[in-house]
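Trainee: I'm new to this one, so could we go through it together, one question at a time?
Mentor: Sure, let's bring it up and start with the ligand.

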Amino acid sequence: MSDITLQIWEFELVSHILTLGYAVMAAGLLYFWLTIRQNHPKFRMSNILSVVVSISALLLLYAQQISWVDAYELVNGVYVSNGTFSNGFRYLNWLIDVPNLLTQILFVALISGKAFRKYWYDFTLYGMLMIVTGYIGQFYEPGRTDFVAGNELWWIVWGVISTVFYVFILITMTKVIDEGAKNIKSSKLVGVFKFIKPWFYITWTIYPIAYIMPALFGVGIDSFVVVSQQVLYTIADVTSKVVYGIMLNTVSTFLSTEAKFEEAA
Ligand code: RET
């Protein structure tokens, strides 16, 4: 993305929000780690996966922040880009986080045995394919330094293919939450568990919205697209990883208490 100039406030907003992002991941990491023993052993893998997700996002957002600062230079009161900032690293981070986020709910939903393996396989397969196809697509994003006419077609085609896998994920997640709600229906917190469904739909859909920002706001990438993409990705990261993890942890801790599980001494 070359030829982009940002106002000082735009540059700072992104810098601040990326910093907020990795600070939240650090806080989440500690929270998921320190609360693990409040859970019955059968739920602990959900915490462990939240810890893995937080640490990988912490490192990624830290790297994004450094790369953001390196990519811009203050010239005559505006920030000028040297074209080296991209979102490619994020996609590779999602390769780790997406399968983990999808798998962790299976533990809290009390899904086990053959059904667990089937859901795990579907989640991992659809998750990986959604990300890899989206990753290919972002190389054709309008506004990149190496953009050539016609690339927008490939950007759309790969985006649509990725969306097909995303729809499969949504369908599978809906089944998992409905099944989980039945399994824990006697718990007082079943309402919180059910609320994960709309929460998941909304927070995960922020990612494809960020992907199509260049199409929503003009053909080329302008400063609004660059800034809003980073803001959207950070909101999505915090809500789909940390807030989602807190919801799952709250439910599993409550289920553990309801089952009279006492923290191991
Ligand atoms: C892409 C490409 C365009 C089409 C769609 C996409 C969906 C991305 C999603 C990403 C979720 C990421 C998460 C990361 C957590 O670490 C790849 C942007 C549908 C849903 C939850």
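Trainee: Which element gives the most to the shell around the ligand?
Mentor: Keep in mind that this is a predicted model. The elements that give two or more residues to that shell are helices H3 (88–108), H4 (113–138), H5 (151–183), H6 (190–211) and H8 (223–258). With 5 residues, the one that gives the most is H3.

Trainee: And what kinds of residues make up the shell around the ligand?
Mentor: There are 17 residues around the ligand, and among those that come nearest are Trp 94, Met 130 and Tyr 207. Sorted by kind, the shell comes to 10 nonpolar, 5 polar and 2 charged.

Trainee: How far is the polar side-chain atom of Lys 241 from an oxygen atom of the ligand?
Mentor: Lys 241 and Asp 97 are both on the list of residues that come nearest. For Asp 97, a side-chain N or O atom is 3.4 Å from a ligand oxygen. For the polar side-chain atom of Lys 241, the distance to a ligand oxygen is 2.3 Å.

Trainee: How much of the ligand's accessible area does the protein cover?
Mentor: The ligand sits in the largest pocket. On its own it has 540 Å² of accessible area, and the share covered by the protein is 99%.

Trainee: Let's move to the sheet. Which strands stand at the edges?
Mentor: This is an open sheet of 3 strands, paired antiparallel in the order S1-S3-S2. Two of them have a single partner strand each, so one side of each has no neighbour in the sheet. Those edge strands are S1 (5–6) and S2 (72–75).

Trainee: Which residue takes a positive phi in the hairpin of S2 and S3?
Mentor: S2 and S3 (residues 78–81) run antiparallel and are joined by 4 bridges. Leu 74 has Tyr 79 as its bridge partner, while Tyr 72 is partnered with Ser 81. The hairpin has 2 residues between the strands, and the one with a positive phi, near 50°, is Asn 76.

How values were computed. Residues are numbered from 1 along each chain as its sequence is written. This is a predicted model: local features need pLDDT of at least 70, side-chain atom pairs count only at pLDDT 80 or more; totals for chains, interfaces and linings use all residues. Side-chain values use heavy atoms; hydrogens and water are left out. A residue is near a molecule or strand if one of its heavy atoms lies within 4 Å of it. A polar contact is a pair of N or O atoms within 3.5 Å; within protein, one must be able to donate a hydrogen and the other to accept it, and residues adjacent in sequence count only if both atoms are side-chain atoms. Accessible areas come from the Shrake-Rupley method with a 1.4 Å probe; for residues, only the protein chains shown count as cover. On a 1 Å grid over the protein atoms alone, a cavity is a set of points where a 1.4 Å probe fits but cannot get out, and a pocket is an open set with protein on both sides within 12 Å along at least five of seven lines; lining residues have an atom within 4 Å of a point. A molecule sits in a cavity or pocket if more than half of its atoms lie within 2 Å of its grid points. Ala, Val, Leu, Ile, Met, Phe, Trp, Tyr, Cys and Pro count as nonpolar, Asp, Glu, Lys and Arg as charged, and the others, Gly among them, as polar. Two strands pair if DSSP finds at least two bridges between them.
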